[in-house]
Amino acid sequence: MTDQTPRLCLEYGSSVFYRGRRCLICQESTDFETVMLSDPESGKVFQALIVDLSAFSEAPVSNQVDLATIAADKLEAAHRKYEIIKPLLSIPNRTKAMVREVAEKHGVGISSIYYWLNEFDRIGRVSVFVRSPRKDKGCVHLPQRVEEVLAEVIKVHYLSKQKKKPAKVIRELRILCEKLGLKAPHPNTVRRRIKKLTAYEITKAREGAKAARDAYSISEGHFPGADFPLAVVQVDHTPVDIILVDDIYRQPIGRPWLTLLIDVFSRMVLGFYISFDPPGNLSLGLCLAHAFLPKERWLAKLGIETAWPCWGLPRTIHADNAKEFRGKMLKDACKEYGVDLEWRPVATPHYGGHIERLLGSFNDEIHGAPGSTFSNPDERGNYNSDAESAMSLNEFERWFTLRCVEIYHQRSHANLGMPPIAKWQEGILGTKKSPGIGMPPRITDETRLKLDLMPFETRTVQHYGIVWDRIEYQHDVLRRWVNAPDPEHPKLKRKFLCRRDPRDISVIWFYDPEVHQYYAIPYRNTSHPAISIWELREAERRAVEERSEIPVDERRIFAAYEKMREIEERAKKLTKKVRRNNERRRLGLANARAHVERQEPPPTVTVVTERVGRRDLRPFDDVDDLQDG
């Protein structure tokens with residue numbers, strides 16, 4: 001199995017690191033901020049802040065394999081293991097009888113079930129089940145071609161609306177193997193493969209997704225399955241009814257967009273993201289990262305002392321049918337972290353009622369703030385929203401956070417009969433009548449989570465580095481991969497996984513496939529300023545307009561960008577579009593270059609190569625919101 005960074009488990013009896021020492025949690029948190037620890041060596045018992053704890057694991061921990069680099073068949077095998085143990089994960093006090101029942105149902109050993117449960121509880125990522133390459137090659141397996149034929153026959157004949165029985169599938173497989181000149185596998189092998197399929201998989205393939213969801217989803221309460229914290233969360237976007245100003249000139253920029261994630265059980269706001277860009281994969285990914293991670297540093301940065309005790313991975317994310325909610329990035333990230341992704345059924349508006357009502361309520365409350373556009377022109381009347389606008393994006397972000405944690409979370413909710421914070425605490429810590437689910441594990445590798453939710457492309461490494469959108473990036477960690485051949489197709493150049501934050505493209509993240517680690521790679525020409533992808537698109541457009549007969553290159557792009565900056569500086573009053581670009585630039589990763597300075601490169605090998613002119617790039621469809629300049 002692939003060793004990965006463990007999660008921080010806050011259950012009673014769990015081992016944690018506190019100030020470099022291994023300690024045990026001897027009493028679970030009652031306030032979401034502190035726990036009681038005991039030192040095994042001295043026997044001393046003391047209180048510690050949760051934010052000061054880190055995960056402890058006796059198992060070896062190494063760098064994590066990126067999801068996009070894992071072969072499809074290995075991922076599929078890992079997901080099958082996860083689906084087997086999934087019903088047990090939501091049962092905190094599972095018994096041996098429960099484990100035995102699942103093991104017998106799927107024809108798996110009890111020890112394997114326990115091992116899988118421990119591994120997922122420790123790491124919280126489905127890729128923990130991806131098997132490392134075997135060292136004991138030579139074990140008996142079906143030939144690759146027979147494996148492919150077997151999988152296809154099961155898919156076509158068993159997982160079909162005809163609902164054929166295993167005996168007929170075996171017969172179809174034998175006939176097809178004879179035609180192809182292959183030795184058919186033993187009938188028991190076929191039966192074992194079929195037996196490994198989950199009831200959900202079978203029902204979904206034979207009767208459709210709705211039938212599978214109706215048959216195997218919990219239907220308690222007003223919303224299916226939302227019977228404890230993080231069971232079901234809802235996410236949606238809305239334009240905010242307010243005009244904001246820029247930080248420097250205090251001139252109106254326009255209306256921002258809000259992406260919001262809430263917990264259906266408690267109605268708590270789990271996370272949000274506010275920007276001037278329309279909804280897309282970037283805003284969605286940043287909202288999810290904000291929701292899944294602890295918020296102590298976030299609140300400290302904003303100068304807010306009220307607690308926001310929400311973190312952890314949900315069981316199900318429920319969204320509408322917008323394009324960004326069906327993108328590959330979100331699907332892959334949800335699969336990796338064991339999160340179900342469900343879309344609102346057609347013609348069922350009540351399914352999204354919780355998040356839509358809350359977004360509407362927040363917009364109503366915003367109508368009292370300076371610069372409000374109100375919900376319609378009649379309501380606005382003669383009120384000049386631009387002239388009255390007063391808050392910048394930073395200020396509005398703090399205003400909205402205060403609105404969430406100090407008003408909305410503390411105010412009694414009409415449908416709950418109590419404040420959302422009280423309902424959340426009830427579901428986590430429990431009451432005298434019903435136990436809670438316990439403190440959710442905390443994700444310790446925040447950078448990795450954010451990278452998993454960012455767009456990626458594959459790139460070759462040339463002697464001048466990596467090129468992405470005509471911009472060259474270079475670092476010593478790339479040297480050993482210059483002109484590296486593809487392991488499976490030696491005549492082709494190897495492509496490597498790269499990710500970037502569209503708000504600051506001065507750095508890209510290069511994934512080293514041998515050490516399974518990301519490295520921050522800066523511009524090759526470090527004199528270039530940090531810019532966003534939106535500014536790059538605008539600079540490219542202007543460079544083409546100026547001298548369309550000359551091919552656009554990196555030098556011309558940044559020359560055009562510098563001219564744009566000069567125009568901005570000379571302008572007495574900035575246009576809304578330029579001020580919006582200033583805000584985008586400010587929100588980028590300002591400390592990106594610090595990552596480059598801190599990281600330690602692995603041993604490098606200098607390779608002398610020739611430059612390859614052709615660039616074979618694969619576009620990605622995840623960041624649809626980056627196309628408009």
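This is a short dialogue on reading helices, sheets, hairpins and cores in a predicted model.

Colleague: Which strands make up the open sheet that includes β1, and in what order?

Modeller: Start with the general idea. Strands of a sheet pair through backbone hydrogen bonds, either parallel or antiparallel. Here five strands form an open sheet, ordered β4-β3-β2-β1-β5. The pairing is antiparallel.

Colleague: Which strands are at the edges?

Modeller: β4 (45–49) and β5 (53–55) are the edge strands. Each of them pairs on one side only. From one strand to the next, the twist averages 50°.

Colleague: How many bridges join β1 to β2?

Modeller: Four bridges join β1 to β2 (residues 21–27), and the two run antiparallel. Look at Y18: its bridge partner in β2 is R21. On the other side, β1 (residues 15–18) pairs with β5 over three bridges, also in the antiparallel sense. There, F17 has S54 of β5 as its bridge partner.

Colleague: How many residues lie between β1 and β2 in their hairpin?

Modeller: Two residues lie between β1 and β2. One residue in that turn, R19, has a positive phi of about 55°. Now follow the chain onward. The hairpin of β2 and β3 has six residues between the strands, and F32 takes a positive phi near 70°. The hairpin of β3 and β4 has six residues between them, and G43 in the turn has a positive phi of about 80°.

Colleague: Where does M36 pair in this sheet?

Modeller: M36 of β3 stands opposite Q27. M36 also stands opposite Q47 in β4. β2 and β3 pair over three bridges in the antiparallel sense. Five bridges join β3 to β4, which run antiparallel.

Colleague: Why is strand β3 described as largely enclosed?

Modeller: Count its buried residues. Buried means under 20% relative accessible area. Four of the five residues of β3 (residues 34–38) are buried, so the rest of the structure largely encloses this strand.

Colleague: Next, a helix. What is the span of α1?

Modeller: α1 (residues 72–89) has 18 residues. From its first C-alpha to its last it reaches 24 Å, close to the 26 Å expected at 1.5 Å a residue. α1 also bends, by about 30° at E83. A proline, P87, follows within four residues.

Colleague: Which residues of α1 are buried?

Modeller: First, the general idea. An α-helix has 3.6 residues a turn, so residues three or four places apart point the same way. Among the buried residues of α1 are L75, A78, H79, Y82, I85 and L88. The buried residues of α1 pack against α2 (96–106), α3 (110–123) and α11 (328–336).

Colleague: Is V99 of α2 buried or exposed?

Modeller: V99 lies in helix α2. V99 counts as buried because its relative accessible area is 1%. Leaving aside neighbours within four places in sequence, V99 is in contact with L88, I110, I113, Y114 and L117. Take I110: V99 and I110 are eleven residues apart in sequence, but 6.7 Å apart in space, C-alpha to C-alpha.

Colleague: Which residues touch the most other members of the largest nonpolar core?

Modeller: L37 and L260 do, in a core of 109 residues. Helix α9 (residues 281–292) gives the largest share of this core, eight residues. Not counting residues up to four places away in sequence, L260 touches several residues, including V235, F272, I355 and F400. Apart from the largest core lies another, of 20 residues, with L75, L88, W116 and F129 among them.

Colleague: What is the pairing in the sheet β10-β9-β6-β11-β12?

Modeller: The pairing is mixed in this open sheet of five strands. β10 (269–275) and β12 (340–343) stand at the edges with a single partner strand each, so one side of each has no neighbour in the sheet. Neighbouring strands are turned by 20° against each other on average, direction ignored. Four bridges join β11 (residues 316–319) to β12, and these two run parallel. T316 stands opposite D340 in β12.

Colleague: Which helix packs on that sheet?

Modeller: Helix α15 (residues 393–408) packs on the sheet, touching β9 (257–263) and β10. The direction of α15 makes about 165° with that of β10.

Technical notes: Residues numbered from 1 in each chain as written. Predicted model: local features only at pLDDT ≥ 70, side-chain atom pairs only at ≥ 80, totals over all residues. Heavy atoms only, no water. Expected span 1.5 Å × (residues − 1). Bend = angle between axes of the 7 residues up to and from the residue. Buried < 20%, exposed > 50% of the residue type's maximum accessible area, 1.4 Å probe, protein only. Contact = heavy atoms within 4.5 Å. Pairing = 2+ DSSP bridges. Axes fitted to C-alpha atoms, helices over the stretch in contact; angles between N-to-C directions. Core = buried A, V, L, I, M, F, W, Y, C linked by side-chain atoms within 4.5 Å.
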